[in-house]
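Hi everyone, thanks for making time for this. I'd like to walk you through a structure that may be new to you, so please have a look at it while I talk.

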Amino acid sequence: MTIPKPNPGTPRAERSMTLDDRLRADLAALEGAGLRRARRIVEGPTAGSNGVEVVVDGRQLVNFCSNDYLGLAGHPELRAALIRGAELWGVGAGAAHLVSGHSRAHHALEEELAAFVGRPAALLFSTGYMANLGIASALAGRGDLVLEDRLNHASLLDAGLLAGARFARYAHADAVDAARVLARSDAPTKLVLSDGVFSMDGDLAPLPELSVTARAHGATLVVDDAHGLGAVGAGGRGTLEHHGLTLDDVPVLMGTLGKAFGCFGAFVAGSEALVEHLLNRARTYLYTTALPPALAEAARAALKVAAREAWRRERLAVLIARFRAGAAERGIALMPGSSSQAPIQPILVGDAARAVAWSDALRERGLWVVAIRPPTVPDGSARLRVTLSAAHSDAQLERLLDALHETNLEARP
Ligand SMILES: *Cc1c(COP(=O)(O)O)cnc(C)c1O
């Protein structure tokens with residue numbers, strides 16, 4: 001946010017504006033541009049709805065904007081593990097991992113995460129945002145290069161800015177453009193950071209090309225697979241599994257536990273050396289309280305269920321295919337690059353106010369689809385971000401498709 005600051009040239013009256021005056025002016029500017037955000041209060045899931053029906057502002061809505069892709073957030077085994085975990089461990093971890101906060105539950109989860117993604121080691125972080133900040137700052141610094149896809153998630157972009165290295169971006173999903181920047185750099189350490197599935201576009205990064213490019217230029221590829229893990233790949237091992245990529249291709253993998261795994265938290269998986277380095281150097285690991293151990297127990301249950309109940313991924317794939325086909329039949333244009341593999345299926349609208357109006361019209365019909373506006377996405381590319389979950393029923397999907405058709409507010413040429 002840019003809060004208008006008084007400068008020496010501004011009239012005295014404005015210079016004497018209080019902080020609240022300036023904040024209100026900024027909010028009014030956001031409002032005027034159709035970019036002011038507000039939260040909706042979820043009263044709770046409706047009974048028996050698998051968590052996909054929620055009551056919001058007194059109205060029952062089918063949720064098509066959560067990242068609970070496998071429908072695990074309300075799964076009975078996860079609930080039971082969380083409760084058992086709280087009975088055993090209490091609520092808070094009480095300290096950072098390197099003090100006294102690292103429990104057997106955390107340690108077991110790290111081992112199971114490493115096994116799940118087929119890597120030697122994994123390290124838990126409290127959130128994906130913090131994991132990304134920690135990775136970039138621990139692996140790069142002054143004199144180094146951090147190179148990112150223009151459409152990376154905000155946390156990866158912030159991570160690059162915070163690392164203190166030279167920060168550069170390449171054209172979206174363009175490994176040739178990335179190669180051009182890498183070829184011009186003689187930085188001792190070069191990191192290439194990319195989402196595995198782009199969070200607002202639903203397309204897959206060209207990871208095979210990026211890994212070849214990174215290696216050719218002595219760079220390290222870091223993949224944030226927040227939206228791939230659990231949902232993408234035959235075994236739910238994410239975009240690396242989908243593309244058949246190994247530890248050598250992608251030395252640093254970040255995954256989150258708050259999306260397809262239905263929990264909270266994040267991890268980084270790679271070599272033993274990587275994990276030892278991060279636990280010594282990543283400030284967002286060192287200086288924060290460990291996740292509640294009960295949550296680690298819930299995440300362990302999530303991994304088990306995700307591996308065992310393959311039908312959830314199969315069901316998700318069926319819904320994605322039906323949604324794409326149904327949208328095409330009804331003349332609803334999905335984002336050009338959006339992938340048939342990913343649970344994120346956005347509809348490009350363009351104008352922010354129109355995207356909001358469309359989202360409002362859907363809510364009137366009991367469907368919750370969030371409008372995504374700048375600065376989360378580039379100017380002029382506001383969209384409806386539809387996300388699908390294995391927990392959605394056929395009838396709910398049909399309702400969404402029909403309502404999208406009836407309320408279509410897309411920008412038409
Ligand atoms: C959600 C998300 C994150 C942040 O993860 P949290 O655990 O929610 O902090 C990071 N990267 C991407 C691509 C995401 O979508």
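Let's begin at the ligand. Which residues come nearest to it? Of the 13 residues around the ligand, the nearest are Gly128, Tyr129, Asp224, His227 and Lys259. Please keep in mind as we go that this is a predicted model.

Two of those five also turn up when we look at polar atoms. Tyr129 uses its backbone: a polar atom there is 3.0 Å from an oxygen atom of the ligand. Asp224 uses its side chain, where an N or O atom is 2.5 Å from a nitrogen atom of the ligand. Then there is His153, which has a polar side-chain atom 3.4 Å from a ligand nitrogen.

Now step back to the whole protein chain. How is the chain divided? There are two domains: domain 1 takes in 37–66 + 310–411, and domain 2 covers 76–308. So if you are following along in the sequence, please note that domain 1 is written as two segments. The C-alpha centres of the two domains lie 27 Å apart.

What about the place where they touch? On the domain 1 side, 19 residues are in contact with 22 residues of domain 2. About 1400 Å² is buried between the two domains, and carbon and sulfur atoms give 58% of that area. Three residues are worth finding on your screen, namely Arg313, Gln341 and Ile344: together they supply 40% of the area that domain 1 buries against domain 2, more than any other three residues.

How many salt bridges does the rule find across this interface? It finds 1. If you'd like a salt bridge to zoom in on, try the side chains of Asp201 and Arg383, which meet at 3.0 Å, N to O. Polar contacts between the domains come to 8 residue pairs.

Which elements build the domain 1 side? At least two residues each come from α14 (311–329), β11 (344–350) and β14 (382–387). The largest share, 3 residues, belongs to α14. Sorted by class, that side of domain 1 has 10 nonpolar, 5 polar and 4 charged residues.

Leaving the interface, a search of the whole structure finds 19 salt bridges. One more pair I'd like to show you is Asp57 with Arg40, whose side chains meet at 3.2 Å, N to O. Why pick this pair? Asp57 sits in the loop between β2 (53–56) and β3 (59–63), while Arg40 is in the loop between α2 (19–32) and β1 (42–45), so the salt bridge ties together parts that are 17 residues apart in sequence.

Asp57 has another feature to look at: its phi is positive, about 50 degrees, although Asp57 is not a glycine.

And where is the cis peptide bond I wanted to end on? It joins Pro374 and Pro375, with omega about 5 degrees. Pro375 belongs to the loop between β13 (370–372) and β14, and β14 is one of the elements we met on the side of domain 1 that touches domain 2.

That's my tour; thanks for listening, and I'm happy to take questions.

Methods. Residues are numbered from 1 along each chain as its sequence is written. This is a predicted model: local features need pLDDT of at least 70, side-chain atom pairs count only at pLDDT 80 or more; totals for chains, interfaces and linings use all residues. Side-chain values use heavy atoms; hydrogens and water are left out. Domain bounds come from an automatic or database domain assignment. Contact means heavy atoms within 4.5 Å. Buried area is the accessible area (1.4 Å probe) that two parts lose on being put together, summed over both. A salt bridge is a side-chain nitrogen of Lys or Arg within 4 Å of a carboxyl oxygen of Asp or Glu. A polar contact is a pair of N or O atoms within 3.5 Å; within protein, one must be able to donate a hydrogen and the other to accept it, and residues adjacent in sequence count only if both atoms are side-chain atoms. Helices (H or I, at least four residues) and strands (E, at least two) are DSSP runs, numbered from the N terminus. Ala, Val, Leu, Ile, Met, Phe, Trp, Tyr, Cys and Pro count as nonpolar, Asp, Glu, Lys and Arg as charged, and the others, Gly among them, as polar. A residue is near a molecule or strand if one of its heavy atoms lies within 4 Å of it.
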